[in-house]
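Q: Could you take a close look at one part of this structure for me, and show me what sits around it? I'm new to this, so please explain the terms as you go.

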Amino acid sequence: MTSIGNRPAGLQAIDREMARQSADAIASFEDNAEQAKTVVASIRRTGRLLLLGMGGSHAVNRAVEPLYRGHGIEAIAVTLSEQLGMPLPIEERTVLITSQSGESAEVLRWFAETGGTGDTFGLTLEGTSFLARSAPSLVGAGGSELAFAATRSLTVSFALHLAILAALGTDPAPVLATLKAPAEVDIEPALSAFGDVSVVVTSGRRLQGLAEALALGLTELSRRPCFSLEGGQLRHGPMEMLGAEVGVVLFRGQDATLDLVTAMAVSAVETGALVVVFDCSGKPPVEGATTLSFAPADGLAAILAMLPVAQRFMIAFAAARVENAGTPVRSTKITRSE
């Protein structure tokens with residue numbers, strides 16, 4: 001690991017965000033209980049939930065989408081850009097717009113074009129943002145994230161969703177326990193396995209949103225091609241790309257899809273690809289894969305157990321490849337243009 005004195009300023013900024021993400025997440029859950037009840041009242045009335053966001057916010061939405069469906073809600077996560085170009089109807093549908101800054105270009109245009117509805121809500125880190133002024137919002141603790149790649153903002157956003165899910169009936173205790181006592185897992189075996197990797201694909205089934213969040217962070221920080229494919233989609237053709245220079249990261253939880261993730265790990269190993277499994281399944285490791293093991297868990301408990309370790313992995317992966325990792329050269333923290 002790079003010493004602090006030589007560590008790029010961008011990564012030092014990420015370190016500061018991550019150091020307080022668990023505390024901010026717990027405070028966010030506690031501070032938004034009442035607002036969450038308002039959102040749930042709308043969801044119970046409409047029975048349908050449209051989750052809109054961009055970048056890391058969309059990855060969060062993809063991760064929680066199956067959790068809302070588990071409560072019998074017709075939930076769908078769509079990028080704001082797609083909704084603007086090819087909109088789903090928003091009448092009689094609860095709309096939850098996630099934007100960590102609350103100021104991205106798509107958020108501003110969506111409200112300008114639709115005006116919002118009485119069932120539109122926001123989820124943001126900035127209580128004075130355009131989004132928070134335009135719709136009743138759950139606001140995360142700690143204010144805006146300053147570092148480039150999303151870390152704390154993801155964790156806090158998941159905690160805000162936990163507040164909503166708890167109001168729907170999810171037991172928050174296992175998730176809060178995970179936030180209070182983060183898992184200590186050694187990432188060095190995974191970094192060693194990926195020493196010569198030039199391309200990374202991440203994948204999951206029920207945890208696909210988490211895989212997408214990691215792929216985004218890996219791409220932003222390492223500037224290497226890193227992308228995500230849902231497990232079934234990876235089966236349908238893209239297996240052709242796998243080989244010795246490709247790293248595969250899989251997320252396996254203690255849920256009904258774990259056998260499918262296991263089968264993918266076996267198949268990926270057989271191609272000669274380097275395979276790392278973030279594993280909350282409680283099942284034996286897959287032979288030939290590097291496994292980072294966590295206590296058995298599913299849902300948000302699994303996501304928030306694995307997320308900070310995945311964040312450390314993506315940071316270290318990038319730091320080994322880019323001198324000024326964490327300092328964007330083609331992007332900005334808040335995307336103000338389409």
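A: Let's begin with strand β8 and its neighbour β9 (residues 274-279): the two run parallel and are joined by six bridges. Two strands count as a pair if DSSP finds at least two bridges between them. The strands and helices themselves are DSSP runs, numbered from the N terminus: E and at least two residues for a strand, H or I and at least four residues for a helix. Before we go on, keep in mind that this is a predicted model: local features need pLDDT of at least 70, side-chain atom pairs count only at pLDDT 80 or more, and totals for chains, interfaces and linings use all residues. Residues are numbered from 1 along each chain as its sequence is written, and side-chain values use heavy atoms, with hydrogens and water left out.

Now find F251 in β8: its bridge partner in β9 is F278. Between these strands comes helix α13 (residues 258-270), and β8, α13 and β9 together form a right-handed β-α-β unit. Right-handed means that, with the strands pointing away from you, the path from the first strand over the helix to the second runs clockwise.

β8 has another partner too. Strand β6 (residues 199-203) pairs with β8 in the parallel sense, over five bridges. For T202, the bridge partner in β8 is V249.

So how enclosed is β8? Seven of the seven residues of this strand (residues 246-252) are buried, so the rest of the structure largely encloses it. Buried here means under 20% relative accessible area, exposed means over 50%, and partly exposed is in between (1.4 Å probe, protein chains only). In a regular strand, side chains alternate between the two faces of the sheet. In β8 both faces are covered: V246, V248, L250 and R252 are buried on one side, and G247, V249 and F251 are buried on the other.

For some context, let's move along to β1 (residues 48-53). Five of the six residues of β1 are buried, so this strand too is largely enclosed by the rest of the structure. β1 pairs in the parallel sense with β2 (residues 74-79) over six bridges, and L50 has I76 as its bridge partner in β2. Getting from β1 to β2, the chain goes through α4, and this β-α-β crossover is right-handed. β1 also pairs with β3 (residues 94-98), again in the parallel sense, over five bridges. In β3, the bridge partner of L50 is V95.

Finally, try a helix. In α1 (residues 9-19), the buried residues are G10, L11, A13, I14, E17 and M18. These cover an arc of only 155 degrees around the axis, which puts them on the same side of α1; the arc is that of the directions from the helix axis to the C-beta atoms. A9, R16 and A19 are exposed on the other side of the helix. What covers the buried residues of α1 includes α2 (21-31), α8 (152-168), α11 (208-222) and α14 (299-319).

Inside α2 you'll find A25, which counts as buried because its relative accessibility is 0%. Leaving out residues up to four places away in sequence, A25 touches T155, V156, A159 and L179, where contact means heavy atoms within 4.5 Å.
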